[in-house]
Amino acid sequence: MNSSESGKPHLLEVINITKKFGGLVAVNNISLQIDEGERVGLIGPNGAGKTTLFNIISGFLKPTSGKIMFKGEDITKLPPHKIVNKGIARTFQIMRPFRHLPVIANVMVSLKSPRGSRKIEWVKTMERKALDLLEDVGLSELMLEPAENLGYGDLKRLEVARALATEPDLIMLDEPFGGLNPVETEFLTRTLITMHQDEPSRAILIVEHKLYALMKIVDRVIVMHQGEKIAEGKPEEIVKNKKVIEVYTGGTL
Amino acid sequence: MTLLIKSKLADSLRTVKSYSVRAYSSFIANVFDVPPRLLAFLCFLTLLAIPICWFNSFGGTRYLPIFIHASILAILGASWDLLVGRTGQVSLGHALFFGIGGYVSGILYEQLYGFSYYLTTSVLLMVVLVAVVIGVILSVLVGLRRSMRILLMVVLVAVVIGVILSVLVGSWITIPVAWVTVPIALAIGTLLALLIGLPALRVKGPYLGLFTLCIPLIVQSLVTWPPLYWLTHADFGIVTPQIIIYPLGTSLIIRKSVEYYFTLTLLFISAVAIYKVAISKTGIVFVSILDNELAAKACGINVTKYKLLSFAISGLFGVLAGCLYSHVYLPKVYPTDLGLTNSFLPIIVTYLGGLGTIYGPIVGAYIYTILDDYALPNHFLPILRMMGVNTPYYETKNLIFAVIVILLVIKWPRGIARTIVDKLDDLAKPRDIEERGPRIWKKYKKEQKEGRLRKIFSRFKKKQEEKEVKT
């Protein structure tokens, strides 16, 4: 929000997005802004419309009404792959590995995209860059293993590596800690923090239920309930917010 | 002076020697020590020796066409496998590519050249200009990189200048008509494949199969349509130009052997080309579309472009197979070439051998053709006749073949060749990745030894180990 005051446009601006599936309103008039280098968490109970919002931002669903601006450009009607090449990468809640391909080839698919292959040709080879990415997420020992042989936690990390390969300005993680054990969660948290230290201008948007892990990473939290935004603020404030507690516990305490 | 020449000669001899030693050792390491590859190599040697085996023994040249047909089917199967086994775009209409090449070539032969065997360069000029236009359209459609487009343009311009020069120099240089008509047929077939690929961007799965199934049938009915009789001669078919023109009086054995080696060479070339595409980075993207289209989109891949590319490459090799069939195997093309049989043959062949492999369609094609054209009619049916079962030839052959295919599919659902290769891999000692793995793996291992690993993973591991030591 500081940047808008200085006249610079927000990195991502979601303006009054509404999405209806028949009579069901999944996302109702949501607006949010993300600035460069900001780490934002998106939380809310099941069915709050977080994943739908994700799909709309990444172009897999088209909104009923509203607009999405990225770096001052309208990207509402662009197809998903063009949005990725503009600089928004995402991971999926249900992992979608390319299971016939070895792990390193999974990452190379991202590197074959226009945005992913921008710099590699004169800096390093594609294999080298894929290996570096795998090392960042700790999968380099498994690089020749077919993705179908990987465990749950490894697949989550593979998704992150694949998203990072396109060098996004905004990375959107859909429940990255879902189903991970504490060690894996700690490792992924550390990976994300290091990732942010390496590239401070990269913004992160995370949907997560594991609030303890989430709060370590993010600067700002947005709470959704039944398709609407009910609260926004710093993690410490959100934890104390009455409305949020009410929504999460299903009534007054 | 002589001394210098001698020393240079010795040097070159030494380099040749070292090259041959290196080639020999790499052959031992990459082919001889790897059982599946050794088997493939032996099979290839056997294929090379087939015409020699049949020279004096049973049947003479009678059985060579069977093997020619097998090679052609193998190319068709491999092209189908690239599209379906590796990109996941279901096509039940490869007969279109199989038939269209012969038709294009035959119509050009009859209408433009009036059945002349040879072509003068002045006609060639016109043809090359058409090819240039098609090439430019293709390069724009496929969306090549700028460097590739420039390269293509340079090559095309060079060809045009060469042709103009040769026309200026004189028109005594003559080439067989087929050498021009077949490349045109290949180009048109590739364009058609792109056109068919366009609806595939909207239609998916079984519906795409249904769509592609209908296309060759439409073309087939166009070909047999009475108002077009002057062009296509309906059921009588069109005579196609010969690719190889023999001197008068060449014996049948020589002719058939030359045809056999010609198709085998083209099978080898196209198999290597398709394999190279499949293991390239583009091939990786193809497999990613097969595995998960949504995720491929989320990786920033323009799925449309890669699907079209896959259609175009598959169509190109499909048309190549069709051209070989209608120029080398038969000198004619019939409407039945566009029929359902040729749509389903590549599927049967690929599933017999193994889907998603390069050796699958080839092995499948040879098994299918040998069973269907050689073993069943020559060995099984006589046995049945001897047992007193007097059966019609064609139906019984098909019945036995169908039963064999069903049994194979139940017993080895992954395909014959794939099952054998998997078993051989199990038999062999576990392959040492450190020695024969990809270059990047070796580099990684080396860095690991030297302790130069990049970032957090190693740090994190160390911390974990420290924790374990403490507890």
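## Report on a predicted two-chain model

At 41% relative accessibility, A:Lys71 counts as partly exposed, because buried means under 20% relative accessible area, exposed means over 50%, and partly exposed lies in between (1.4 Å probe, protein chains only). A:Lys71 lies in the loop between β4 and β5 of chain A. The phi of A:Lys71 is near 55 degrees, a positive value in a residue other than glycine.

This is a predicted model, in which local features need pLDDT of at least 70, side-chain atom pairs count only at pLDDT 80 or more, and totals for chains, interfaces and linings use all residues. Residues are numbered from 1 along each chain as its sequence is written, chains are lettered from A and ligands numbered from 1 in the order in which they are written, and side-chain values use heavy atoms, with hydrogens and water left out.

Helices (H or I, at least four residues) and strands (E, at least two) are DSSP runs, numbered from the N terminus. Two strands pair if DSSP finds at least two bridges between them.

Chain A has an open sheet of 4 strands in the order β2-β1-β4-β5, with antiparallel pairing. β2 (24–34) and β5 (73–74) of chain A stand at the edges with a single partner strand each, so one side of each is left without a neighbour in the sheet. Within this sheet, 5 bridges join β1 (residues 12–21) to β4 (residues 65–70) of chain A. A:Thr18 stands opposite A:Ser65 in β4(A). In a regular strand the side chains alternate between the two faces of the sheet.

Strands β9 (residues 220–225) and β10 (residues 228–233) of chain A run antiparallel and are joined by 5 bridges. A:Ile222 has A:Glu232 as its bridge partner in β10(A). The hairpin of β9(A) and β10(A) has 2 residues between the strands. A:Gln226 lies in that loop, and at 58% relative accessibility A:Gln226 counts as exposed.

Positive phi values occur at these residues of chain A:

| Residue | Place | Phi |
|---|---|---|
| A:Lys71 | loop between β4 and β5 of chain A | near 55 degrees |
| A:Gln226 | loop between β9 and β10 of chain A | near 50 degrees |
| A:Gly59 | follows α2(A) | near 90 degrees |

In helix α2 (residues 50–57) of chain A, 7 of the 8 residues are buried, so the helix is largely enclosed by the rest of the structure. Among the buried residues of α2(A) are A:Leu53, A:Phe54, A:Ile56 and A:Ile57, and also A:Lys50.

In chain B, a nonpolar surface patch of about 310 Å² is made by B:Phe41, B:Leu42, B:Leu45 and B:Leu48. Patches are made of residues with over 30% relative accessible area and no salt bridge; like charges are joined within 9 Å, and nonpolar side chains (Val, Leu, Ile, Met, Phe, Trp, Tyr) within 5 Å. A salt bridge is a side-chain nitrogen of Lys or Arg within 4 Å of a carboxyl oxygen of Asp or Glu. Accessible areas come from the Shrake-Rupley method with a 1.4 Å probe; for residues, only the protein chains shown count as cover. B:Phe41 is in helix α2 (residues 35–53) of chain B, and at 31% relative accessibility B:Phe41 counts as partly exposed.

The count comes to 3 cavities of 30 Å³ or more. A cavity is a set of points, on a 1 Å grid over the protein atoms alone, where a 1.4 Å probe fits but cannot get out; lining residues have an atom within 4 Å of a point. The largest cavity has a volume of about 70 Å³. α7(A) gives the most to the lining of the largest cavity, with 3 residues.

Terms used: 1 Å grid on protein atoms, 1.4 Å probe; cavity = no way out; pocket = protein on both sides within 12 Å on 5 of 7 lines; lining within 4 Å. Points joined across faces, edges and corners; volume = space filled by probe spheres on them.
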